[in-house]
Amino acid sequence: MSSDIVDRIVKTSRKPKSSRKLTGTQQFWLVFRYFALFIILAMVILPIYVMVINSLKGPAVYLPDAFNLPKKLSVETWPLAWAVLGKPMMRTLFFVVQSSIISAIIGSINGYVLSKWRFRGSRMVFTLFLFGMFIPYQAIMIPLVQFNRMVGLTGSIYVLVLAHVVYGIPICTLIFRNYYAAIPNELIEAARVDGASMVRVYRSIIVPLSIPGFVVVLIWQFTSAWNDFLFAIFLTGGSPKLAVATTALNFIAGGAVIVKYGINMTASLMASIPTLLVYMFLGRYFLRGLLSGSLKG
Amino acid sequence: MATLQKKRLTSSVGGFFFVLPSIIAIAIFVYGMIAWTLNISLTNRNSSAVKAPKHVGLKNYIELMADARFTHALSNLLKFTTVFILGTLISGFIMALLLEKGIKGEGLFRSIYLYPMAISFIAMGTVWRWLLNSSQGADAGGLNLILQKLGLGFLQNNWYISEKGSMFAMTLPAIWQMSGYVLALFLAGFRGIPDDLREAARVDGASESKIYRYVLFPQLSPTFLTVLIILGHISMKVFDLIVGISGKSYVTDVLAVYMWQVTFDITNYAKGAAIAIIILLMVAIVVIPYLRYVNKNEEYR
């Protein structure tokens with residue numbers, strides 16, 4: 001379902017009929033549209049522009065100069081920012097990769113069963129899962145902290161793996177369920193007639209067809225776990241030993257470590273690079289995940 | 001028929017078995033923990049010193065209603081939600097209108113309009129603190145400087161530290177981040193309308209504006225509903241954005257941030273839990289009817 005929609009957006013972008021000669025009014029509207037599109041473009045780019053240019057000015061940047069290009073290029077702030085952010089970023093990478101992979105596997109199995117091997121009450125189960133996608137995590141945070149303390153996970157980065165895997169179940173299941181719904185049932189039926197079991201069908205038919213689904217879920221989970229601040233701040237208790245990219249950044253920005261804005265800018269950009277790269281190269285899959293999150297796309 | 005029936009039965013049991021771990025996880029970590037939070041919110045666990053909490057009924061909720069900080073945060077949140085939803089809806093819809101017919105470079109515009117969704121607000125907060133800086137006149141930077149340059153200097157203001165306008169200032173970065181998402185949803189909506197419909201109206205001699213108004217817009221009402229629900233529930237949970245830009249500042253307090261302070265900084269678990277339950281209820285009011293609507297519509301497919 002959702003993949004259709006992305007294809008609709010991405011592939012079938014209507015080509016402007018350039019061969020036909022445009023009338024005066026049509027020309028006016030075309031120019032107007034481009035004008036508006038570029039104004040919006042400028043507004044959307046502005047924050048990242050400010051971030052990039054100010055990360056190249058050295059540690060001493062000041063506000064009235066915010067929009068000006070650097071007079072002299074300097075990457076002096078980059079090693080300084082890395083000194084503070086390097087470890088938290090590596091830690092983030094460590095837990096995010098694990099939680100994304102586990103989430104994707106769970107999502108794939110759930111999505112397979114809930115789209116192709118429904119059982120009595122499976123719709124209900126799915127709807128109950130979906131609600132979990134929308135809940136404010138504040139409503140589970142206090143028990144979750146207590147739970148972690150009870151099972152002795154406090155002080156370990158695995159608190160975050162656990163949180164992102166469990167609370168990622170709804171969205172990952174949803175994405176895979178929609179994805180598998182597009183696989184014709186006849187294919188499954190045919191394999192069953194030939195005596196293939198549920199597991200066999202999954203291994204030999206579903207998994208080989210699942211690569212794009214896995215890409216969508218992996219980058220979705222990667223991006224949301226990388227950017228997550230709520231779980232990180234509650235579950236790590238703000239401890240520097242467990243700092244991840246967002247909590248470390250918040251710590252820096254709070255002026256607790258450095259007050260030099262040049263370093264702040266660089267650190268913010270640095271922490272955004274992994275997700276920006278993913279977006280740049282796999283944007284289509286990101287869009288797919290995003291639209292799945294809206295249920296109807 | 002009988003064999004088919006039998007097969008379905010065995011399959012269903014097997015299927016259930018594979019989903020069971022997730023069912024248990026969701027039952028415990030979502031529903032169980034919500035129940036646990038509700039339970040905490042009904043006790044007197046008002047500091048970490050309380051070792052044997054007792055149930056006190058709705059006391060925490062009643063106290064919240066009289067808590068000026070809570071009502072302040074709630075009214076802030078409602079202000080924010082209204083402007084955020086309207087602003088994002090309008091800007092995303094305009095973007096979709098501009099792109100919907102197809103235009104050279106559409107892919108580029110679309111990708112750039114959506115990039116803010118890929119960045120965390122903790123990171124973007126650094127920049128937005130600058131853009132929304134309150135310095136004016138000769139010291140101005142950020143949006144105040146841009147306003148000056150555009151000859152709109154009289155619009156300069158204190159943004160998120162101003163007493164009245166702080167929440168409205170906060171909607172700017174939120175709109176900035178979410179507009180691309182709304183664009184994508186509406187674009188999907190537009191592209192889902194069969195071309196024949198448009199052609200038929202054109203053949204009947206309808207003007208372009210009439211086609212939009214009477215043919216295309218009515219087709220978008222499900223998308224419109226989806227957008228409203230998504231923006232609404234995101235808005236009620238807003239947290240990173242506020243923390244990333246203004247931290248725990250009083251003027252921009254919202255429920256999620258207040259809950260954090262109460263729970264985290266002063267370990268008043270009972271009160272924190274009560275605020276959390278209120279946020280949950282607000283989200284549920286919006287989301288549950290929507291889930292039912294989606295569920296019902298799927299049956300017709």
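Here are some short exercises with worked solutions on this structure, which is a predicted model.

**Exercise 1. Overall make-up of chain A**

Find out how many helices and strands chain A has.

*Solution.* Start by counting elements: chain A has twelve helices and zero strands. Reading from the N terminus on, the order is therefore α-α-α-α-α-α-α-α-α-α-α-α. Next, look at the extent of the chain: along the principal axes, its C-alpha atoms fill a box of roughly 70 × 70 × 30 Å. Then turn to burial, where 49% of the 297 residues of chain A count as buried. Finally, consider the contacts in chain A with a separation of 6 or more: 77% of them are between residues 24 or more positions apart.

**Exercise 2. Checking the length of a helix**

Work out what span helix 4 (residues 122-134) of chain A should have at 1.5 Å a residue, and compare it with the distance between its end C-alpha atoms.

*Solution.* Begin with the count, which is 13 residues. The expected span is 1.5 Å times one less than that number, so helix 4 of chain A should span 18 Å. Its end C-alpha atoms lie 19 Å apart, which agrees. To round off the picture of this helix, list its buried residues: A:Val125, A:Phe126, A:Phe129, A:Gly132, A:Met133 and A:Phe134.

**Exercise 3. Where the two chains meet**

Describe the contact between chain A and chain B by the residues each gives.

*Solution.* Chain A brings 78 residues to the contact and chain B brings 88 residues. On the side of chain A that touches chain B, helix 12 (residues 261-292) of chain A gives the most, with 13 residues. Sorting the residues of that side by type yields 53 nonpolar, 18 polar and seven charged.

**Exercise 4. A helix under cover**

How many residues of helix 5 (residues 121-131) of chain B are buried, and what do they pack against?

*Solution.* Eleven of the eleven residues of helix 5 of chain B are buried, so this helix is mostly covered. Among them are B:Phe121, B:Trp128, B:Arg129 and B:Trp130. Now follow their neighbours. In chain A, the buried residues pack against helix 2 (24-54), helix 11 (245-253) and helix 12. In chain B, they pack against helix 6 (142-149), helix 7 and helix 11 (240-246).

**Exercise 5. A pair of packed helices**

Describe how helix 3 (residues 68-100) of chain B packs with helix 10 (residues 221-236) of chain B.

*Solution.* Two packed helices are described by the angle between their axes and the distance between the axes. Here the angle is about 145°, and the axes are 10 Å apart. The crossing of helix 3 and helix 10 of chain B is right-handed. Helix 3 of chain B contributes residues including B:Leu77, B:Phe80 and B:Phe84, while helix 10 of chain B contributes residues including B:Val227, B:Leu228 and B:Leu231. By type, the residues of this contact divide into nine nonpolar, four polar and no charged.

**Exercise 6. One residue in a loop**

Is B:Thr267 buried or partly exposed?

*Solution.* First place the residue: B:Thr267 lies in the loop between helix 12 (255-265) and helix 13 (269-299) of chain B. Its phi is near 40°, a positive value in a residue other than glycine. Now count neighbours: 16 other C-beta atoms lie within 10 Å of B:Thr267. A buried residue needs 20 or more, and an exposed one has 12 or fewer, so B:Thr267 is partly exposed.

Terms used: Residues are numbered from 1 along each chain as its sequence is written. Chains are lettered from A and ligands numbered from 1 in the order in which they are written. This is a predicted model: local features need pLDDT of at least 70, side-chain atom pairs count only at pLDDT 80 or more; totals for chains, interfaces and linings use all residues. Helices (H or I, at least four residues) and strands (E, at least two) are DSSP runs, numbered from the N terminus. Two residues are in contact if their C-beta atoms, placed from the backbone, lie within 7 Å. Ala, Val, Leu, Ile, Met, Phe, Trp, Tyr, Cys and Pro count as nonpolar, Asp, Glu, Lys and Arg as charged, and the others, Gly among them, as polar. Axes are lines fitted to C-alpha atoms, for helices over the stretch in contact, and angles run from 0 to 180 degrees between N-to-C directions. A crossing is left-handed if the near helix is turned anticlockwise from the far one by less than a right angle, and right-handed if clockwise.
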